[in-house]
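Reader: Could you take me through the salt bridges in this one, and then show me what sits around them? I'd like one connected walk rather than a list.

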Amino acid sequence: KATLVVVSDHGFAPYEKLIRPNLVLKDLGLIDADAAGKVTGRRAWCIGQGGSAFIYVLDEQRRDAIVAQLREKLAAVEGVSDVLSPEEFTKLGVADPQKNPEAPHLVLTTGHGYTFNDGLTSPAVADAGGAERGACLARSLFLCQPPQRDGADGVVVRSVNDRHARL
């Protein structure tokens with residue numbers, strides 16, 4: 001009897017729609033841009049990572065209020081599955097922004113068919129252009145549930161879309 005384990009630091013899943021959180025931040029006055037769309041100022045910024053995105057709030061004096069506002073606004077965006085705070089994402093292995101200045105203040109996740117994009121072009125949720133494309137899996141590996149034993153005959157791994165696969 002042999003065990004085959006396939007591992008990866010990330011994978012790909014198809015998507016049809018782009019989510020542009022930076023446009024939401026711009027609409028809230030947290031990003032400034034000139035007439036050509038070039039960013040001229042930021043009090044918050046989102047870095048998309050395929051199926052997850054990191055929100056950094058750069059305005060230290062108003063950070064708590066901005067984070068609360070963003071949690072509410074971003075949770076209402078089509079395709080956003082979760083808006084995770086440090087209390088939630090540090091349990092999954094993401095650095096705490098109180099201890100690491102490079103850590104995000106919020107983490108966004110999305111579901112099947114969506115990917116995050118850093119653009120400022122309207123609308124906030126847009127068609128990806130007709131062709132089905134591949135993006136990093138719906139949640140980065142650090143956001144997946146840890147493997148759980150399923151009796152003596154294998155391990156059940158909770159996948160990014162909450163489906164189970166037996167190894």
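**Salt bridges and their surroundings**

Author: Let's start with Lys-17, which is partly exposed, at a relative accessible area of 30%. Keep in mind as we go that this is a predicted model. Lys-17 pairs up with Glu-78 in a salt bridge, and their closest N and O atoms sit 2.9 Å apart. That contact ties together distant parts of the chain: Lys-17 belongs to strand 1 (residues 12-19), while Glu-78 lies in the loop between helix 2 (63-75) and strand 6 (80-84), 61 residues apart. Glu-78 is partly exposed as well, with a relative accessible area of 37%.

This pair is one of four salt bridges in the structure. The general idea is simple enough: side chains of opposite charge can pair when their charged atoms come close.

Next up, Glu-88 and Arg-71 form a salt bridge with 3.4 Å between the closest N and O atoms. Here too the link runs between distant parts of the chain, with Glu-88 in helix 3 (residues 86-89) and Arg-71 in helix 2, 17 residues apart. Glu-88 has a relative accessible area of 34%, which makes it partly exposed, and Arg-71 is likewise partly exposed, at 30%.

Then there's Arg-62 with Asp-59, whose side chains meet in a salt bridge at 3.6 Å, N to O. Have a look at the accessibility on each side of that one. Arg-62 is partly exposed at 43%. Asp-59, though, counts as buried, because its 15% relative accessibility falls under the 20% cut-off.

Helix 2, home of Arg-71, leads us inward. The largest nonpolar core has 23 residues, and the ones touching the most other members are Ile-55, Leu-70, Leu-74, Val-77 and Leu-108. Two or more residues come from each of helix 1 (21-27), strand 4, strand 5, helix 2, strand 6 and strand 7 (106-110). Helix 2 makes the biggest contribution, with four residues. Val-77 is worth clicking on: leaving aside residues up to four places away in sequence, Val-77 touches Ile-19, Val-24 and Val-125. There's also a second, separate core of six residues, including Tyr-56, Leu-84, Phe-89 and Val-107. As a rule, nonpolar side chains in soluble globular proteins tend to be buried together.

Several of those strands come together in an open sheet. Four strands make it up, in the order 4-5-7-6, with antiparallel pairing. Strand 4 (44-48) and strand 6 are the edges, each pairing on one side only. Ignoring direction, neighbouring strands here are turned by 20° against each other on average. At one end of that order, strand 4 and strand 5 (residues 52-57) run antiparallel and are joined by five bridges. That's where you'll find Trp-45 standing opposite Tyr-56 of strand 5, and Tyr-56 is the residue we just met in the second core.

Zooming out, the chain has three helices and 13 strands. Of its 167 residues, 40% count as buried. The long-range links fit a wider picture too: among contacts between residues at least 6 apart in sequence, 61% join residues at least 24 apart. As for the outside, the accessible surface comes to about 9900 Å², and 50% of that belongs to carbon and sulfur atoms.

Key. Residues numbered from 1 in each chain as written. Predicted model: local features only at pLDDT ≥ 70, side-chain atom pairs only at ≥ 80, totals over all residues. Heavy atoms only, no water. Buried < 20%, exposed > 50% of the residue type's maximum accessible area, 1.4 Å probe, protein only. Pairing = 2+ DSSP bridges. Axes fitted to C-alpha atoms, helices over the stretch in contact; angles between N-to-C directions. Core = buried A, V, L, I, M, F, W, Y, C linked by side-chain atoms within 4.5 Å. Contact = heavy atoms within 4.5 Å. Areas by Shrake-Rupley, 256 points an atom, 1.4 Å probe, with all protein chains shown as cover.
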